[in-house]
Amino acid sequence: MKTRNGKATSYATAAFLAVSLAAGTASSADLVISNWDGYMAKDIAETFKAATGLEIEVVNHATNEEVMGKLMAGQGKGYDVVFVSSPFAEILNHQGMLAPIDKAAVPNLANLYPEAAALAYDPGNAFSVPYTWGTTGLCYRSDVVKTAPDSWMNLLQPSDDIKGKTTMLATDRWLMAAGLLAKGYSVNETDPAKIDEAKNLLIEAKKTLLAYDDTTFYSKLVSGEASLVHAWDGWCNYGITENKDIKFVVPKEGSDLWVDTIVVMKNSEKQAEAMKFINFILDAKNHAWAAENILYKVPNKAAMESLDPKLIEQYPNMGMSPAELTKYELLRDLGDAQKDYSRAVSEIKAAN
Amino acid sequence: MLAAPAVLWLLAFMVMPCLLVLSYAFFQRGTWGGIEYTFTLDNFAHVFDPLYAKIFLNSARIALTTTVLAILIAYPAAYAISRAPRVRQPMLLFFAVLPFWSNYLIRTYAWIVLLNREGLLNGFLSFLGYQGEPLSLLYTETAVIIGLVYNYLPFVILAIYSTLSRLNPELMEASRDLGAGAIRTFWRVTLPLTLPGVAAGGVFVFVLSIGNFVTPALLGGGRFQMIGNLVYDQFLTANDWPFGAALGMALIAIMVALLFLQARATSHASGERQGEAT
């Protein structure tokens, strides 16, 4: 997910970006892996070494943008395996920076759901392997909201009782997606007139909004500051952990499908070892760690089937089937149309 | 020769990075992000687009409000400190800058705890017997301005204190001897002579506020976009480094112009004072 660790953190890390760019890339480890903080088991280096004898060094990035900056600056040198969201994997592939996935070296690919091997940005997992996936929807306090929401319009034109108690995701693609989906358009819409319509709807919606929030929306629900928030499924689960009355729903107009992927850099001198690492992650037990600990769905059939049914009882969105999930539309890189989105979002944020 | 290390320092950490960023502004965003090395002036033209001009003006308005409020609070504080017994002044100054020893983000988050609808302030109000809807203070322009004033106040206090403490007390005595009351002495003698400190503190707050992006993001709930957020978004979300660079350059130009004016005003004022002395 694009801003897993949040904007506030990335504000802080942005300042240090230049420093980390200059920092040395020399490492004695066999593999250098860049991932979001807390997105893999803490003891992964030990378990991986026990299984393969290989040393890994884990580097953290706060956002896709941050790791992209580092990769672009050095043509990916110094990194072997990188975790990025699918549109960014797409960009890296377009830039010719990714190594092909060596299927023979990754037998655990067989653990993936067939749907996960047929994702439109990379059918057949030619250059990327999905790590987690999910969707975006509405997360709400069922004990406060009078009628359960089922449409994006419940968020964009809230009923009187929850006016001023809603939040929306701030990151441009998801913010625009809410408006586009409410209008019945694609989350990857590139027609300027339709982008404009969605923008106008979102400017109207701003009047009833408490805040744009990418990082603390679930705690706002828990504290009662907000009643209905625009949320990623996995993050809604963090709210559910603290308050059983919090529920997640995907609006009837549909939503997006986001995928976080694992890629191997073409400039890596350790591609064979990198494949071993991917194979290790795709092992049902290791992949299930992500579902159990960060409460995101993983596209691994064997891992999902190994989960304790109580987990799915407590977090119903964990039980969403791949068929349900892949009905939703993948966020794709927009190329030049990204400029229209950025401008629309600036207009929304600058509107009074 | 002593200046050589300073010049090198400026070249390496100020001039070179600025030129590098400036050079990006003349190219185009590639389809997949990154920079496409085709010369263009479009990015600068875009800065003057009404949408972005509006964001610039809005930021300037917020920064100006912050500056005025900060001066109004800082002047009496600095005045009180400068009037305190000499031995106690260092301690009072120490208290004024003490909050600066904690992280900016933490101090800003503290305001979220204070201002939110379920927060300390509303809790205190209901403790006092207030029964209405809780006050929605967080995620408003007021919250952004409170955060900015709070964070930059010590700079202004220090700047004003430094001119107040250097003020020759004989001037005040002379004014009193000539029959001016306390208020008149303040308006005609003290205030005019300390204006350079007010200007220095004011420019400082204005320049820091107009480029700030953390406070509007956290206390404004993203509902108030300032120029800093716009630059941030261009670099990190839109992946449009050339346009981000052009916006950043416009911001730097405003800051440099203000600092230049302030430096001129200060040297003008000190020149005047020297003129009076001779």
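This passage describes the fold of chain B, its interface with chain A, and a few residues worth finding in the structure.

The model is predicted. Chain B contains twelve helices and two strands. Followed along the sequence, these elements come in the order α-β-β-α-α-α-α-α-α-α-α-α-α-α, so that one helix comes before the two strands and the remaining helices come after them. The C-alpha trace of chain B spans about 75 × 65 × 35 Å along its principal axes. Chain B has 278 residues, and 43% of them count as buried. Contacts that link distant parts of the sequence can also be counted: of those in chain B between residues at least 6 apart, 67% join residues at least 24 apart.

The surface of chain B comes next. About 15,100 Å² is exposed, and carbon and sulfur atoms supply 73% of this area. Chain B carries 15 positive and 13 negative side chains. The centres of these two sets of charges lie 10 Å apart.

Chain B also meets a partner in the model. At this interface, 34 residues of chain B are in contact with 38 residues of chain A. The size of an interface is often given as the accessible area lost when the parts come together. For chain A and chain B, the area buried between them is about 3,200 Å², with 56% of it on carbon and sulfur atoms. One salt bridge is found across this interface. A salt bridge joins the side chains of B:Asp49 and A:Arg343, with a distance of 2.7 Å from N to O.

Some single residues are also good places to look. B:Ala96 sits in helix H4 of chain B, which covers residues 89-97. B:Ala96 counts as buried because its relative accessible area is 17%, under the cut-off of 20%. Leaving aside residues up to four places away in sequence, B:Ala96 touches B:Pro154 and B:Ile157. B:Gly248 is 152 residues from B:Ala96 in sequence, and their C-alpha atoms are 32 Å apart in space.

Two loop residues have a positive phi without being glycine. In chain B, Tyr139 has a phi of about 65 degrees. B:Tyr139 lies in the loop between helix H6 (120-127) and helix H7 (141-166), and its relative accessibility of 4% means that B:Tyr139 counts as buried. In chain A, the phi of A:Leu295 is near 60 degrees. The loop that holds A:Leu295 runs between helix H11 (284-294) and helix H12 (301-305) of chain A. A:Leu295 is buried too, with a relative accessible area of 8%.

How values were computed:
Residues are numbered from 1 along each chain as its sequence is written. Chains are lettered from A and ligands numbered from 1 in the order in which they are written. This is a predicted model: local features need pLDDT of at least 70, side-chain atom pairs count only at pLDDT 80 or more; totals for chains, interfaces and linings use all residues. Side-chain values use heavy atoms; hydrogens and water are left out. Helices (H or I, at least four residues) and strands (E, at least two) are DSSP runs, numbered from the N terminus. Buried means under 20% relative accessible area, exposed over 50%, partly exposed in between (1.4 Å probe, protein chains only). Contact means heavy atoms within 4.5 Å. Accessible areas come from the Shrake-Rupley method with a 1.4 Å probe; for residues, only the protein chains shown count as cover. Lys and Arg count as positive and Asp and Glu as negative; His and the chain ends are not counted. The place of a charge is taken as NZ of Lys, CZ of Arg, CG of Asp or CD of Glu. Buried area is the accessible area (1.4 Å probe) that two parts lose on being put together, summed over both. A salt bridge is a side-chain nitrogen of Lys or Arg within 4 Å of a carboxyl oxygen of Asp or Glu.
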